[in-house]
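Please walk through this model one element at a time, beginning at the start of the chain and asking at each stop what is buried and what covers it.

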Amino acid sequence: MAEVKIVYWSGTGNTAAMAQMVANGVTAGGATPVIIPFEDTAPEALADDAVYALGCPSMGAEQLEESVVDPFVEELVSSVSGKKILLFGSYGWGNGEWMRNWVEQMTGAGAEMIEADGVICNDAPDSDAEEALTAAGKALAEAAN
């Protein structure tokens, strides 16, 4: 059974809950989810993975978390070409600009998005977000198997 890494950062617990929803979908899709906080891994740990998920909420003026996630992504971007990636996260204000920018950054570097626009939700994930995240997790599992 293939493993699918789900790397996330969460300030309030919303993105952590979203990571678990992705993991549920990965399991339903027949793969093994491995949930890892950004601060417990390094970009090199994803270098050989063809499929993975990254989650980060919107911070500040609609941007990635600056001390852990942004430096991680800046280093990771050179190795995403040809990878199938799911991006996800929650927000409390704004209109999702941080996710659009993140998707553009990764696709510009050659990554293929599992969900074209990423999966976002306002505050805590609701049933619509859960459905989207579970489906995306299944798609990750299918891509990994």
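**From the opening helix to the paired helices**

Helix 1, residues 14-28, has 15 residues that at 1.5 Å a residue should span 21 Å, and its end C-alpha atoms are indeed 21 Å apart, which agrees. The model is a predicted one, and what follows describes the features of that prediction. Within helix 1 the buried residues are N14, T15, M18, A19, M21, V22, A23, G25 and V26. The cover over these buried residues includes strand 1 (3-8), strand 2 (32-37), strand 3, strand 4, strand 6 and helix 4. After helix 1 comes G30, whose phi is positive and lies near 95°.

Just as instructive is the stretch that leads into this helix, for W9 is found in the loop between strand 1 and helix 1. Is W9 buried or exposed? Its relative accessibility is 15%, so W9 counts as buried, the cut-off being under 20%. Leaving aside residues up to four places away in sequence, W9 touches T15, F38, E39, G55, C56, P57, M59, E65, V68 and V69. Of these contacts, T15 also appears among the buried residues of helix 1, and V69 is one of the buried residues of helix 2. W9 can also be placed relative to I35, which is 26 residues away in sequence and 11 Å away in space, C-alpha to C-alpha.

Further along, the loop between strand 3 and helix 2 contains E62. Phi of E62 is near 55°, a positive value in a residue that is not glycine, and E62 is buried, with a relative accessible area of 9%.

Helix 2 itself buries V69, F72, V73 and L76. Seen down the axis of helix 2, these buried residues fall within an arc of 95°, so they line one face of the helix. A general point about helices helps here: an α-helix has 3.6 residues a turn, so residues three or four places apart point the same way. The buried residues of helix 2 pack against strand 3 and helix 3.

That brings the walk to the pairing of two helices. How do helix 2 and helix 3 lie relative to each other? The axes of helix 2 (residues 69-76) and helix 3 (residues 97-108) come within 11 Å and cross at roughly 25°. Because angles under 35 degrees count as roughly parallel, helix 2 and helix 3 are roughly parallel to each other. Where they meet, V73, E74 and L76 in helix 2 contact W102, Q105 and M106 in helix 3. By class, this contact has four nonpolar, one polar and one charged residues.

Helix 3 has twelve residues and reaches 16 Å from its first C-alpha to its last, close to the 16 Å expected at 1.5 Å a residue. The buried residues of helix 3 are W98, M99, W102, V103 and M106. Seen down the axis of helix 3, they fall within an arc of 130°, so they line one face of the helix. The face turned away from this buried side carries the exposed residues E104 and G108. The cover over the buried residues of helix 3 includes strand 3 (51-55), helix 2, strand 4 (84-91), strand 5 (112-113) and strand 6 (119-122). Just after helix 3, G110 takes a positive phi of about 100°.

Strand 4, named in that cover, holds F88, and F88 is buried, with a relative accessible area of 0%. The C-alpha atoms of F88 and A132 are separated by 10 Å, although the two residues are 44 residues apart along the chain.

In the loop between strand 5 and strand 6 sits I114, which is buried, with a relative accessible area of 19%. Not counting residues up to four places away in sequence, I114 touches K84, I85, L86, A136, A139, L140 and A143. The C-alpha atoms of I114 and L87, 27 residues apart along the chain, are separated by 8.1 Å.

The last stop is D123, which lies in the loop between strand 6 and helix 4 (127-144). D123 has a positive phi of about 60° although it is not a glycine, and this residue is partly exposed, with a relative accessible area of 41%.

Notes
Residues are numbered from 1 along each chain as its sequence is written. This is a predicted model: local features need pLDDT of at least 70, side-chain atom pairs count only at pLDDT 80 or more; totals for chains, interfaces and linings use all residues. Side-chain values use heavy atoms; hydrogens and water are left out. Axes are lines fitted to C-alpha atoms, for helices over the stretch in contact, and angles run from 0 to 180 degrees between N-to-C directions. Helices (H or I, at least four residues) and strands (E, at least two) are DSSP runs, numbered from the N terminus. Angles under 35 degrees count as roughly parallel, over 145 as roughly antiparallel, 65 to 115 as roughly perpendicular and the rest as oblique. Contact means heavy atoms within 4.5 Å. Ala, Val, Leu, Ile, Met, Phe, Trp, Tyr, Cys and Pro count as nonpolar, Asp, Glu, Lys and Arg as charged, and the others, Gly among them, as polar. The expected span of a helix is 1.5 Å times one less than its number of residues. Buried means under 20% relative accessible area, exposed over 50%, partly exposed in between (1.4 Å probe, protein chains only). The arc is that of the directions from the helix axis to the C-beta atoms.
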